[in-house]
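Subject: Structure handover

Dear colleague,

Please find the structure below for your records. A short account of what was found in it follows.

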Amino acid sequence: MKFKTEISLLLSAIILYILNAFCYSYEAKGMLPVINYPYRDYALPLVIIASILLVIAAILYSKRR
């Protein structure tokens, strides 16, 4: 059971890091220069959540051994 939890936490963190890269680098074409990056505000919370999931998975793994 713990193994499945660790793997799901790690996969969730990886998916959130990929989503973060998309949100940070997405550039809307043809808009005003001020709002060229509409999803950049979501990048930092995604990194924080992914990092927390990664730390939780590491703690669970270290307690298992």
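The notes below cover the basis of the values, the nonpolar core and two individual residues.

This is a predicted model, in which local features need pLDDT of at least 70 and side-chain atom pairs count only at pLDDT 80 or more, while totals for chains, interfaces and linings use all residues. Residues are numbered from 1 along each chain as its sequence is written, and side-chain values use heavy atoms, with hydrogens and water left out.

The largest nonpolar core (buried Ala, Val, Leu, Ile, Met, Phe, Trp, Tyr and Cys residues joined through side-chain atoms within 4.5 Å) consists of eight residues: L9, A13, L16, C23, L46, A50, L53 and A57. Two or more of these residues come from each of α1 (2-25) and α2 (43-64); helices are DSSP runs of H or I with at least four residues, numbered from the N terminus. Apart from residues up to four places away in sequence, A57 touches E6, L9 and L10, where contact means heavy atoms within 4.5 Å.

L16 belongs to helix α1. Its relative accessible area is 16%, so L16 counts as buried (under 20% relative accessible area, with exposed over 50% and partly exposed in between; 1.4 Å probe, protein chains only). Neighbours within four places in sequence aside, L16 contacts L46, I49, A50 and L53. From L16 to K4, twelve residues apart in sequence, the C-alpha to C-alpha distance is 18 Å.

I52 is part of helix α2. I52 is classed as partly exposed because its relative accessible area is 48%. Its C-alpha atom is separated by 9.6 Å from that of L9, 43 residues apart along the chain.

Yours sincerely
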